[in-house]
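Biologist: Before we begin, please show me the sequence and the structure. I should like to learn how to read the features one by one.

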Amino acid sequence: MPAILVLDDSATMVMSLSRILKNAGYEVETASNGKEGMAKLAGGLKPSVILTDINMPQMDGIAFIKEARKAASTRFTPIIVLTTESGGQKRDEARAAGASAWLTKPTEPNELLTALKQLLPSK
Amino acid sequence: MQFDAEAGDNLVCAVLAAQVAELRGRIDTGAAVELLWQTSDVLSQLSGLVVELAKRCHKSDGDLSAQCNTAVAAEIDIRRSLESLAFAQAQRNDFTCQTVDCVVTALGRLATSDGARLSPDDLAALYVSEEQRQVHDAATRQFVAVTRRNGVERHKREGSAE
């Protein structure tokens, strides 16, 4: 069962994303900011895909992506950005940092699951 | 307690920041979203029971079995809609909280008594969504229009007084 690491500082968003992903058959690990996400990765978590918000306290999504790309275990892990930001500048920053895909809130569960399936490594 | 005009302005900003921060706590409870997810879970459990009932009465009561199958199909549609609604609500909450955070931060900066100013560009730098930027632009246009109109009216009044 593929594992997804979800990073969002909104508890309500984390709960909703976890439900949607678990109902779709994924294992889910969560973190409320980039720092916590990096700690999970350093602790040995090897997610198949990472789903991250941009605007988070302590370490934002773009800083997290940069850090994750430095780590050998997540250098090539697909990272989807899910954020209220729709501006081109942030999108360019995220792409330059190593983001694989970008979804703007509000989005639909199906749109999210389709993006995940497209990025999951085929077995 | 008496304050001079500047301290009074700072205090008003500090109080408004506290009021809005208090409001944020109420928005981000997520209770409605959680209830939607719980409802979805319960519907799923009930649907499982109805499927079991349909299996057991398949031969003895064909009508009941057909009704069970109809109910299960309806449940799938409703559960999908509930999940979309819960996700949409969670995202709306998130957007509202981020907008409120921006207002709290801006008011907090205006409340400082070190003479620091918050320019429109400083404010725009706090935004986290395109919607906030659109509201900012619309409010700026409105402000400019009102300021111009007031300026023209003042000019007319001063002209007629002379």
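Biologist: How many residues does each chain bring to the contact?

Modeller: Chain A gives 17 residues and chain B gives 20 residues, where two residues are in contact if their C-beta atoms, placed from the backbone, lie within 7 Å. This is a predicted model, in which local features need pLDDT of at least 70, side-chain atom pairs count only at pLDDT 80 or more, and totals for chains, interfaces and linings use all residues. Residues are numbered from 1 along each chain as its sequence is written, while chains are lettered from A and ligands numbered from 1 in the order in which they are written.

Biologist: Which element supplies the largest share of the side of chain A that touches chain B?

Modeller: Helix H1 (residues 11-23) of chain A supplies seven residues, the largest share. Helices (H or I, at least four residues) and strands (E, at least two) are DSSP runs, numbered from the N terminus.

Biologist: What is the secondary structure of chain A?

Modeller: Chain A has five helices and five strands, in the sequence order β-α-β-α-β-α-β-α-β-α.

Biologist: Where is Leu118(B)?

Modeller: Leu118(B) lies in the loop between helix H3 (62-111) and helix H4 (120-124) of chain B. Leaving aside neighbours within four places in sequence, Leu118(B) is in contact with Ala106(B), Arg109(B), Leu110(B) and Leu123(B).

Biologist: Why does Leu118(B) count as partly exposed?

Modeller: A residue is buried if 20 or more other C-beta atoms lie within 10 Å of its own, exposed if 12 or fewer, and partly exposed in between. Leu118(B) counts as partly exposed because it has 17 C-beta neighbours inside 10 Å.
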